[in-house]
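Visitor: I'm new to this one. Could you walk me through how to read it, feature by feature?

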Amino acid sequence: MTEGNQGSGKPLQLRTPHAVERSQWSLSRAVVTSSVVALSAAGAIAAVALFGLGRTHHLATSTSAVDIVKLAFGLVAGVGASVGLVLAFRRHQIAEATALVDKAKEARESRKEAQEGRREEREVQRAFNERFGAAAAQLGSDQYAVRIAGVYAMAGLADDWDAGRQRCIEVLCAVLRRTNTAQPTDDEPAETATESDREVRRAIARSIAERLRTTAAWQRCDYDFAGASFDFEVSFDAAAFAGGSVSFNNAQFTGTTSFDNAEFAGGHVSFSRARFTDGVMSFDRARFTGGTVSFNDAQFTGGTVSFYGAEFAGADVYFAGAKFTGTNVRLSLATVASGNISFRSAELTAGSIAFHSCEVTDGNLIFTDAQFYGGDLDFVGAEIKGGSVSFLRANFAGSNVLFMTAKITGGTLAFTNSTFAAGMVCFNNVKFSGSTVTFALAKFDGTTVLFNKADFASGTVGFMQSSFTGGHIGFDQALFRGSNITFFAATLTGGRVDLSKPKEWTRPPVFDRDYDPALILLPDFSPGLAASRI
């Protein structure tokens, strides 16, 4: 092995350890020889000088002799210094040669270790591939017990194999998506084969759910359950979704699927176009702090969808275009601190959507263009402190909108351009303080609207350009203390606004036009509608 000489560009031949030892031995001989020659030269010079003095008949004084000796030793010192320089140079050469030899040795050892590492890596990869092939073969077996063993073998391999974990998960999801693939045999009739297939799929769901609870590496993977049939009970309780994508798109759910106490901190979980028939879909006490959960265009028939006590603090949950038929959607005691919960263009026929005793401090509840045919929209006991709750262009046909005992102390509650046909809108015992509530351009047709015992402390409640055809608006025992309640440009055709029995009349509602006295009932102590006009 050679390296270029930086000074001359000529190759420098690296010396082996034996060559280095020979160089050291040559150096020792050179030093001894140089010392002997120097001493001999000094002695010879001294002898010649002394002899010369005697031959010229000069008397050699002691001083002259001393000078001659000094001269001799000076010569010896000069020779010694030269020898020292030679020794230093030679030591430097030997040190360089030794360092080069050590470097070459280290390079050889490094290459050897790298080769051994690659060989070991290939062996590990070969072992993983063999395990993968064996587990896949088991999953494809006709025998139920072998397929179950394949489920656990593939899940166990995913635990061990970082580079191949996603591949193993994809195989498990593919098997889960294949419904009723087992073929009946003489030993296993069709009904038994179907049940065996269901047990295999249940085992896969359990294996994945278990790892989503405990293993961070699994929580960041992608899962494709699109089109799968969950005709069995499955629990993702306490699972964590920290990233990646989880698709239940077009899946079918007929049993109970639970995400209770789950954590949604990132990624995307989608149930778009999924079908839920009876059964329960539960997210009780789940935490939504990031990412999105989508039920867009999903169909719910019967059953329950529950977010009881859930926390929404940064994530978005969408039910856009979803259809609910006889389904109860519960968000009771949920807290909405940020993010969005959207039922845009959703359709509810019978059933209910309940935000009973929920708390909204920020974020948005969106019901834009939603359609309600019968059933209840329940905000009983809710507290709206901030953010917005919007029913823009919503349609309520025979439905009940219930806000009894709620506290609306901030944010915005808007029913702008909504339509109410029959049914009831109830704000009994609600406290309005510092919020904006608007029914602008809303249409009431035969609807009962109640604000009995409501407390209008501050903020605004407006019915600007709203229209009333039949029905009844009641403010029995209401406290008109400080809110701005306006009916600007409202249209009253039939129906009645009953203000006859307020509990407090400090700041009564304001009308901007004259109406038929039969349509607006004022309290006995009021001097007339004119007093309430601007």
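Guide: Happy to. Let's start with a single pair: Gln299 stands opposite Lys323 in β17. Keep in mind that this is a predicted model.

Visitor: Which strands does that pair belong to, and in what sense do they run?

Guide: β14 and β17 (residues 323-325) pair in the parallel sense, over 3 bridges. They are part of something wider: 12 strands form an open sheet with parallel pairing. Follow the order β4-β8-β11-β14-β17-β20-β24-β28-β32-β36-β40-β44 and you can trace the sheet from one end to the other.

Visitor: Which strands stand at the edges of that sheet?

Guide: Those are β4 (229-230) and β44 (491-493). Each has a single partner strand, so one side of each has no neighbour in the sheet.

Visitor: How many helices and strands does the protein have?

Guide: There are 6 helices and 47 strands. As for contacts, take those with a separation of 6 or more: 62% of them join residues 24 or more positions apart.

Visitor: Can you show me another set of strands?

Guide: Try β19 (335-342). β19 pairs with β16 in the parallel sense over 6 bridges, and there Val317 stands opposite Ile341 in β19. β19 also runs parallel to β22 (residues 359-360), with 2 bridges between them; one to look for is Val336, whose bridge partner in β22 is Val360. Then come 3 bridges to β23 (residues 364-366), again parallel, where Ser342 stands opposite Ile366.

Visitor: Now the inside. What should I expect there?

Guide: In soluble globular proteins, nonpolar side chains tend to be buried together. Here, 42% of the 534 residues count as buried. The largest nonpolar core has 125 residues, and those with the most contacts inside it are Phe248, Phe271, Phe288, Phe307, Phe403 and Phe427.

Visitor: Which elements supply that core?

Guide: Among those giving at least two residues each are the helices α2 (62-139), α3 (144-160), α4 (165-177) and α5 (190-214), and the strands β10 (263-270), β13 (287-294), β16 (311-318) and β19. The largest share, 7 residues, comes from α5.

Visitor: Could we look at one of those core residues up close?

Guide: Phe307 makes a good stop. Leaving aside neighbours within four places in sequence, Phe307 is in contact with several other phenylalanines, namely Phe283, Phe288, Phe295, Phe312 and Phe319. Its contacts also include Val317, Leu331 and Ala334, along with Asp284, Arg330 and Ser332. You met Val317 earlier, opposite Ile341.

Visitor: And what about the outside?

Guide: The protein exposes about 25,300 Å², and carbon and sulfur atoms supply 53% of that.

Visitor: How do I find empty space inside a model?

Guide: Rolling a probe the size of a water molecule over the atoms shows where empty space is left. In this structure the search finds 2 cavities of 30 Å³ or more. About 70 Å³ of space lies in the largest cavity. Of the 14 residues lining the largest cavity, Phe276, Asp278, Gly279, Val280 and Met281 are the closest to its centre. Two or more lining residues come from each of β12 (280-282), β14 (299-301) and β15 (304-306), so look again at β14, the strand that pairs with β17.

Visitor: What about backbone angles?

Guide: Most residues other than glycine have a negative phi. Two asparagines here have a positive one: Asn250, at about 65 degrees, and Asn261, at about 60 degrees.

Visitor: Where is each of them found?

Guide: Asn250 is in the loop between β7 (245-247) and β8 (252-253), while Asn261 lies in the loop between β9 (256-258) and β10. Asn250 counts as partly exposed because its relative accessibility is 33%. Asn261, at 42%, is also partly exposed.

Visitor: Is Ala370, another loop residue, buried or exposed?

Guide: Buried. Ala370 sits in the loop between β23 and β24 (371-373). Its relative accessible area is 1%, and under 20% counts as buried.

Visitor: Which residues does Ala370 touch?

Guide: Not counting residues up to four places away in sequence, Ala370 touches Phe343, Ser345, Ala346, Arg393, Ala394 and Asn395. Take Arg393: Ala370 and Arg393 are 23 residues apart along the chain, yet their C-alpha atoms are separated by 7.5 Å.

Notes: Residues are numbered from 1 along each chain as its sequence is written. This is a predicted model: local features need pLDDT of at least 70, side-chain atom pairs count only at pLDDT 80 or more; totals for chains, interfaces and linings use all residues. Side-chain values use heavy atoms; hydrogens and water are left out. Helices (H or I, at least four residues) and strands (E, at least two) are DSSP runs, numbered from the N terminus. Buried means under 20% relative accessible area, exposed over 50%, partly exposed in between (1.4 Å probe, protein chains only). Contact means heavy atoms within 4.5 Å. Accessible areas come from the Shrake-Rupley method with a 1.4 Å probe; for residues, only the protein chains shown count as cover. A nonpolar core is a set of buried Ala, Val, Leu, Ile, Met, Phe, Trp, Tyr and Cys residues joined through side-chain atoms within 4.5 Å. Two strands pair if DSSP finds at least two bridges between them. On a 1 Å grid over the protein atoms alone, a cavity is a set of points where a 1.4 Å probe fits but cannot get out, and a pocket is an open set with protein on both sides within 12 Å along at least five of seven lines; lining residues have an atom within 4 Å of a point. Grid points are joined across faces, edges and corners, and a volume is the space filled by probe spheres set on the points.
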